[in-house]
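Let's take a friendly look around this protein, starting with a word you will need along the way.

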Amino acid sequence: MIKMEKVSAGYGKQEILHGVDLEIHKGEIITLIGANGSGKSTLLRALLGFMPLWGGEIRMEGISVSQMGRAEIARKAAYLPQGKNVPDITAGRMVLHGRFPYLRYPRKYRETDFRLAGEAMERMGIGNLAQKQMSELSGGMRQKVYIAMALAQQAQMIVMDEPTTYLDIGQQMKFAQMMKELAGEGITIVLVLHDILLALQISDRIAAMQEGRILRCAAPEEILQEGIVELLYKVTVKSCRTEAGVQYFYEMPGF
C-alpha cells in the first residue's frame, strides 16, 4: 500500500501540491483526473521520490520514500512519463532497460534479463519488433514498447502519465484489458488520463484533482453522481447499464 499524508511539493518557489492525502491499495487501478495544471503529473513525481517534499510524508509498504534509494523504488514501482524522447536504440534494448534496477555497474545482462524482456514483448504482441529501431516505430508501437519495459521491470506498481496518447481506439481497448489483467494479478496501476470515459470504465477509484488538491477520491459511479466531472470539465457524462456492464457517454445537448 502507498500512503500520502499532507504532501506538499512544487518547483522553485511555486507550491503545486497542497496537503495531499491519498491511499493506493494493492491490485487496484486508480486514475488521476483534472484539468491541465491541476498537479497530476507533479503528484506522480512526488509519489516516486523524484522531487523533495515541502511537507508531509509518503510511505511505500510502510517505509518512507525519502529513506529509499532510486533502485529500491524502481524495483517497487515502474514509471512511464509523458512526452518521452525517442532513443536511438532498438525496441529490444529499450525493454531491457526495465531490468536496470536489478543490475550493478557495469551493467551486464543475464539470461534471466533477456528472458523476462522477451516475455514482456510477447505479452504486448511486439515480439517481432525486437530488432527494430525505436525511431522506426509508430507512436502506438513505441507506447507498447514502453509498457513492455515496465512489465520487464517486475514492479508491483506501474505508474503511467497519459499512456493512451498515441493509441488508436482499438489499441486503447486492448490497453484497458491489459490493465485489468495486471490488476487481477495483484499489480497496482496508477494512471493519469484525460480520456474521462476510459477512466470511468477501467478504474476502481478515481482521484479528482483541482489546483493541487484532491477534491474527491471514490469509485467511478460516485464521482459521476456527485457531479465531479461537470465541475472539473464543464461537460456532462451519463451512464447506462447494459449486458456488457455499465457504459459511459457524454451528453450533448441538441444532438
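Two residues are said to be in contact when they have heavy atoms within 4.5 Å. Keep in mind that this is a predicted model.

With that in hand, begin at Gln-172, which is found in helix α6 (residues 169–184). Leaving aside its neighbours within four places in sequence, Gln-172 is in contact with Thr-164, Leu-167, Asp-195 and Leu-198. One of these partners, Leu-167, has its backbone oxygen 3.0 Å from a polar atom of the Gln-172 side chain.

Is Gln-172 buried or exposed? Gln-172 counts as buried because its relative accessibility is 12%, and the cut-off for buried is under 20%. Val-235 makes a useful partner for this exercise: it sits in the loop between α9 (228–233) and β11 (236–242).

| Residue | Relative accessible area | Class |
|---|---|---|
| Gln-172 | 12% | buried |
| Val-235 | 31% | partly exposed |

Val-235 also belongs to a nonpolar patch on the surface, together with Tyr-250 and Met-252. The accessible area of the three together is about 260 Å².

Now for the interior. The largest nonpolar core has 56 residues, and among the members that touch the most others are Val-95, Met-179 and Leu-191. Helix α5 (residues 139–152) supplies the largest share of this core, with 8 residues. Apart from this core lies another, of 29 residues, including Ile-24 and Val-190.

Which residues does Leu-191 contact beyond its neighbours within four places in sequence? They are Ile-29, Ile-30, Thr-31, Leu-32, Met-160, Pro-163, Phe-175 and Ile-202.

Technical notes. Residues numbered from 1 in each chain as written. Predicted model: local features only at pLDDT ≥ 70, side-chain atom pairs only at ≥ 80, totals over all residues. Heavy atoms only, no water. Core = buried A, V, L, I, M, F, W, Y, C linked by side-chain atoms within 4.5 Å. Buried < 20%, exposed > 50% of the residue type's maximum accessible area, 1.4 Å probe, protein only. Helix = DSSP H or I, 4+ residues; strand = E, 2+ residues; numbered from the N terminus. Patch = residues over 30% accessible without salt bridge, like charges linked within 9 Å, V, L, I, M, F, W, Y side chains within 5 Å. Areas by Shrake-Rupley, 256 points an atom, 1.4 Å probe, with all protein chains shown as cover. Salt bridge = Lys/Arg side-chain N within 4 Å of Asp/Glu carboxyl O. Polar contact = N/O pair within 3.5 Å; in protein donor to acceptor, adjacent residues only side chain to side chain.
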